[in-house]
Amino acid sequence: MEMTRATHSPSRSAERLQIKAARREDMPTIAQLVRSSADWYRPFVDEKDMSEHEVDEAWESKNYKRRSFYLGTLGTKAIGTISTQRLGSYAYLGYIYLDVEHVGNGHGASLMRFAEEQLRETDAQGMALIAHPEAAWAKKAYLKYGFKIAATEKEDVLAWQNGALKGYYEEGFQLYLFDFARRERN
């Protein structure tokens with residue numbers, strides 16, 4: 001699905017985040033954004049899962065083929081990324097990352113709002129993501145946006161949508177869901 005360029009105004013920042021579909025040549029920049037917070041995850045992420053945070057060229061190639069990536073910029077500086085991928089009746093949001101210097105300015109919410117707007121035009125029931133409960137910055141952002149914790153136990157996370165998350169699960173991560181219908185009722 002081709003998603004168009006969008007502009008969102010972060011809630012606590014005067015600068016406007018420009019969001020566009022990423023091209024293959026953007027993947028090294030996206031990988032750097034993912035790596036920028038790897039040290040934040042190191043204290044609680046299982047060592048075998050750190051390769052999802054300390055990403056390399058092989059990660060770039062593999063993931064560009066299976067996800068739709070978007071790049072958020074302020075002026076000419078790339079400061080954030082988000083990816084979407086259909087898993088069953090939900091769209092999976094992966095790799096919602098900001099350059100560490102830009103965390104807390106509303107840009108993560110802008111990326112999620114962009115994804116939501118695009119995905120509402122499809123037949124997706126909602127959005128899903130996984131996060132570690134000790135990633136307090138991420139958990140706070142997801143809950144504030146309106147995601148609900150749907151599963152905390154590994155077997156429940158892995159059973160969701162007939163095992164759709166088996167290739168994405170990291171030890172200790174929890175499942176968060178954002179239901180489009182529930183948001184419309186509120």
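User: What makes Gly163, Leu165, Lys166 and Tyr169 contacts of Leu158?

Analyst: Contact means heavy atoms within 4.5 Å, and Leu158 is in contact with those four once its neighbours within four places in sequence are set aside. This is a predicted model, where local features need pLDDT of at least 70, side-chain atom pairs count only at pLDDT 80 or more, and totals for chains, interfaces and linings use all residues. Residues are numbered from 1 along each chain as its sequence is written, and side-chain values use heavy atoms, with hydrogens and water left out.

User: Where does Leu158 sit, and in which helix?

Analyst: Leu158 belongs to helix α6, residues 154–159. Helices are DSSP runs (H or I, at least four residues) and strands are E runs of at least two, numbered from the N terminus. The chain has 7 helices and 8 strands.

User: Why is Trp40 called partly exposed?

Analyst: Buried means under 20% relative accessible area, exposed over 50%, and partly exposed in between (1.4 Å probe, protein chains only). Trp40 has 32%, so it is partly exposed. Trp40 lies in helix α2, residues 38–41.

User: What makes the nonpolar surface patch with Trp40?

Analyst: Trp40, Val100, Val103 and Trp137 make up a patch of about 290 Å². Patch residues have over 30% relative accessible area and no salt bridge; nonpolar side chains (Val, Leu, Ile, Met, Phe, Trp, Tyr) are joined within 5 Å, like charges within 9 Å. A salt bridge would be a side-chain nitrogen of Lys or Arg within 4 Å of a carboxyl oxygen of Asp or Glu. Areas come from the Shrake-Rupley method with a 1.4 Å probe; for residues, only the protein chains shown count as cover.
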